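Biologist: Hi! I'm new to this one, could you walk me through it?

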Amino acid sequence: MFAVIFIPNFSLQAVLRHEPESRARAVALVDPKLPKPILVQLTPAARACGVCEGLTPSQAMARCGELIIKPRSPAQEESATEILLQTAYAFSPGIEATAPGVCTIELKGLGFRFDDHALEPWAGKLAEVLAQFHLEAKVGLAATPELAWLAARAGNPVLALSISPEQETEEVVPAFPDENHGRTFESFPISALEPPSEILEILRRWGIQTIGELLALGKDNVAERLGPAVVELFNRVSPDSPRPLKLVAPAEEFAEQMEFENEVETVEPLLFALRRFVEQLSRRLELIYLVVAEFQLQLGLSSGLKYERVFKIPAPTGRIEILFRMLQTHLETVRTDSPIISLCLIAKPSQPESQQFGLFESTLRDPNQFAETLARLTALAGPDRAGTPESISGYKPDSFRMSVSGFRSHNEKTLLADGGTARHSARAAKSATNGTHGVTPPTIKGRSESDVGLRLRRFRPPLPSHIELRDGKPTLLRSHVFIGPITETRGPFYGSGNWWDVNKWAREEWDIETSDGSLFRIFRSSEGDFVEGVYD
Amino acid sequence: MPAANIIELRQLLAARFPGLRMKADALSAAKHAFWPTGLPQLDEPLRGGLARGALTEVTAEQHGSGSTLLLTALIHQALHENKFVGVIDGQDSLDVTQLGEDLSRLLWVRCRSAEEALKAADLLLRDGNLPLVLLDLVSNPAAQLRKIPATTWYRFQRLIEQTSTVCAIFTPRVMVAPAQARIALRSRFSLAALEREPGELLSELKVEIAEARHAGESGELESQFA
């Protein structure tokens, strides 16, 4: 038993998949690769306006002023083919990519019988799933791939062909004995077999109109008169020897792409298309019980350059709103040098996350929401101004770097910490071998940050000031934050580093108490005098 | 159907929108649990710590009163409890090098102005993922702070009152009108304090619970001095 999914006007449907509202309009598809561009596929509305295949665009426009002409898009056809195969694969593991827009499915092993009334609802569901991807499909069910193909073309949207009583074997129960469900292929017109035109003409002159009438003539008799070409027609409708399928597995890549007719300069049309892409990709993954773990966004620019960005989803999900918001938040901050001409969104699938947390471990309630908030904070404050601080080994005061807050789970953190310790030890051992200092020395000679009881509130950058010294000790401070005498001092603390490169620095630090009772940290360097912060 | 009087209107609204709150103190007092800070001089007068789902204002009117000491103590306490902490640094003044090694649960937003800090706070409070959000405006110039509309704080209050987020706002003067608790820092440390342990200094931190308004006791003011 076989099923064939047939998508009529496949190239046109592939192009209109992302603008389903246009399917009700008069739209025609032109193949720009043909020597003379002519219309190759049409919507019913276009046909109703008097347009037909083979016309040039200008001839078609003369007949229908409202006709929308679209170019054929191999990229979108490729995406539609992927959807077709992935959908079929979700229903049966034995699938064949028979032709563009045609997929044959082997039903063996799925537990169906010829007389199974569940077959038609099953095929109907297949068509419904494809309709979710804006692909109108017809499904045919029959004993052989060729008969199923005949049924698919006649389906509306599903047609299950039964086997005629003459061709029944004793073992085979007639399929769909109920007349409302089944129909035999003998009633199909002879043209459905797509015979060579000369043979079709001869058969018409003989008065042969249907396949049943052709079969009644007998294979040998007709072959004797019309040659071996007609044998092929008999073989196609023979239920006895179904051809083996060339089984394929659909690609595990989930991508949606579009080339814009007009250059896009604002974010709104981009978001409109992206929303549809996200919906489609999410549904495609949902079909095979997966969720989105990563998005790769590619924007083709009119200058020939390409903008690419990878979005890792903190907690893989299939929720369209969350996924779309993540892209939207980023795109609202993107500025490109030239307009956008193409858009591609690739989804990397993964299993839905299931994780057991520690008893005393707190986790983020909604990691995806947090990732979006973090993106907004980064857009607000700047890329290096929102995140988790990490200390940098070295002597220089206020040395740190910002990393993106992932807020990993405790287990992950432990693993990383172990690795970090190992690296740290290795580096420390190496430093010891080289005769240099360890990686966590006191920042300034005579002072250790952890020993300072009061915490420093820093001025970034340090405030330029003027410090007057008497007997080597600061006595007067002139700065933006304080002007007046210094009553008590602590220091000096000397520090220097990076003497081997251009970032070399040297400073003399003092902790001071001013006449108003404030406690400051000041320092002197080759660049002048500064107030580094206030103790608070 | 038009409501004949205010009672009917309230009943109609309550029926249509079950989550709607009619009165300022209608929120269940049970929702207001407290997060213990580990500092007895704060936890005891505040009935167990900083209120969840409410704003707490910490005012430090002068330098050296211990606002950074308290801020880092709260960060340490939260990190020690494996909690996520968001610190919105109004003037990029936090010295992270003195916070310790493992800051993987700390989100630090380094803002340039009070306006930027308020936008960041709005985002984080709306997010609702972080159990502790600290907004530090102590170093921001008075001119920036004067421009903050009072409605901002009410908006923040509305944002977190249905959550269990603890939000402490460090300011140089009293400015957060809907704060459930107001803590004034009155310490004055000398240069000798730099050579003492932070734990010792924290135990000597002078705080004044200037005003505490508890849920279900609207209008009641409490004053305690430590």
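Modeller: Happy to, and we can go through the chains, the sheets, the contact between chains and the cores. Please keep in mind that this is a predicted model.

Biologist: Thanks! How many helices and strands does chain A have?

Modeller: Chain A has 14 helices and 22 strands. Of its 536 residues, 34% are buried. Among its contacts with a separation of 6 or more, 58% are between residues 24 or more positions apart.

Biologist: Which strands make up the closed barrel?

Modeller: The barrel has six strands of chain A, in the order 17-18-19-20-21-22, and the pairing is antiparallel. From one strand to the next, the twist averages 45°.

Biologist: And how many bridges join strand 17 to strand 22?

Modeller: Six bridges, between strand 17 (residues 456-470) and strand 22 (residues 528-535) of chain A, running antiparallel. For a spot to look at, find A:Arg457, which stands opposite A:Val534 in strand 22.

Biologist: Got it. What about the open sheet, what is its strand order?

Modeller: That sheet of chain A has four strands in the order 11-14-12-13, again with antiparallel pairing. Strand 11 (254-264) and strand 13 (306-317) are the edge strands, each pairing on one side only. On average, neighbouring strands of this sheet are turned by 15° against each other, direction ignored.

Biologist: Where could I look for a pair of residues in there?

Modeller: Try A:Phe295, whose bridge partner in strand 13 of chain A is A:Phe311. Strand 12 (residues 291-301) and strand 13 of chain A pair over eight bridges, in the antiparallel sense.

Biologist: Switching topic: how many residues of chain A are in contact with chain B?

Modeller: On chain A there are 45, in contact with 47 residues of chain B. The elements of chain A that give two or more residues to its side include strand 15 (386-391), strand 19 (483-497) and strand 20 (505-514). Helix 13 of chain A gives the most, with seven residues. By class, the chain A side has 16 nonpolar, eleven polar and 18 charged residues.

Biologist: Do tell me about strands meeting across the chains. Which strand of chain B is joined to strand 15 of chain A?

Modeller: Strand 5 (residues 106-110) of chain B, through two bridges, and the two strands run antiparallel. There, A:Ala386 stands opposite B:Val109.

Biologist: Back to helix 13 of chain A. Why is it largely enclosed?

Modeller: Eleven of the 15 residues of helix 13 of chain A are buried, so the rest of the structure largely encloses it. The buried ones include A:Phe370, A:Leu374 and A:Leu377.

Biologist: What covers those buried residues?

Modeller: The cover includes strand 13, helix 12 (320-331) and strand 15 of chain A, together with strand 5 and helix 4 of chain B. From first C-alpha to last, helix 13 of chain A reaches 20 Å, close to the 21 Å expected at 1.5 Å a residue. Just after helix 13, A:Gly382 takes a positive phi of about 125°.

Biologist: Last topic, the cores. How many residues does the largest nonpolar core have?

Modeller: It has 114 residues, and those with the most contacts inside it include B:Val85, B:Ile88 and B:Ala120. Helix 4 (residues 114-127) of chain B gives the most to this core, with eight residues. Leaving aside neighbours within four places in sequence, the contacts of B:Ala120 include A:Leu377, A:Leu380 and A:Ala381 as well as B:Val109. Apart from that core lies another, of 63 residues, among them A:Val139 and A:Ile211.

Biologist: Lovely, thanks for the tour!

Technical notes:
Residues are numbered from 1 along each chain as its sequence is written. Chains are lettered from A and ligands numbered from 1 in the order in which they are written. This is a predicted model: local features need pLDDT of at least 70, side-chain atom pairs count only at pLDDT 80 or more; totals for chains, interfaces and linings use all residues. Two strands pair if DSSP finds at least two bridges between them. Axes are lines fitted to C-alpha atoms, for helices over the stretch in contact, and angles run from 0 to 180 degrees between N-to-C directions. A residue is buried if 20 or more other C-beta atoms lie within 10 Å of its own, exposed if 12 or fewer, and partly exposed in between; C-beta atoms are placed from the backbone. Two residues are in contact if their C-beta atoms, placed from the backbone, lie within 7 Å. Ala, Val, Leu, Ile, Met, Phe, Trp, Tyr, Cys and Pro count as nonpolar, Asp, Glu, Lys and Arg as charged, and the others, Gly among them, as polar. A nonpolar core is a set of buried Ala, Val, Leu, Ile, Met, Phe, Trp, Tyr and Cys residues joined through C-beta atoms within 7 Å. The expected span of a helix is 1.5 Å times one less than its number of residues.
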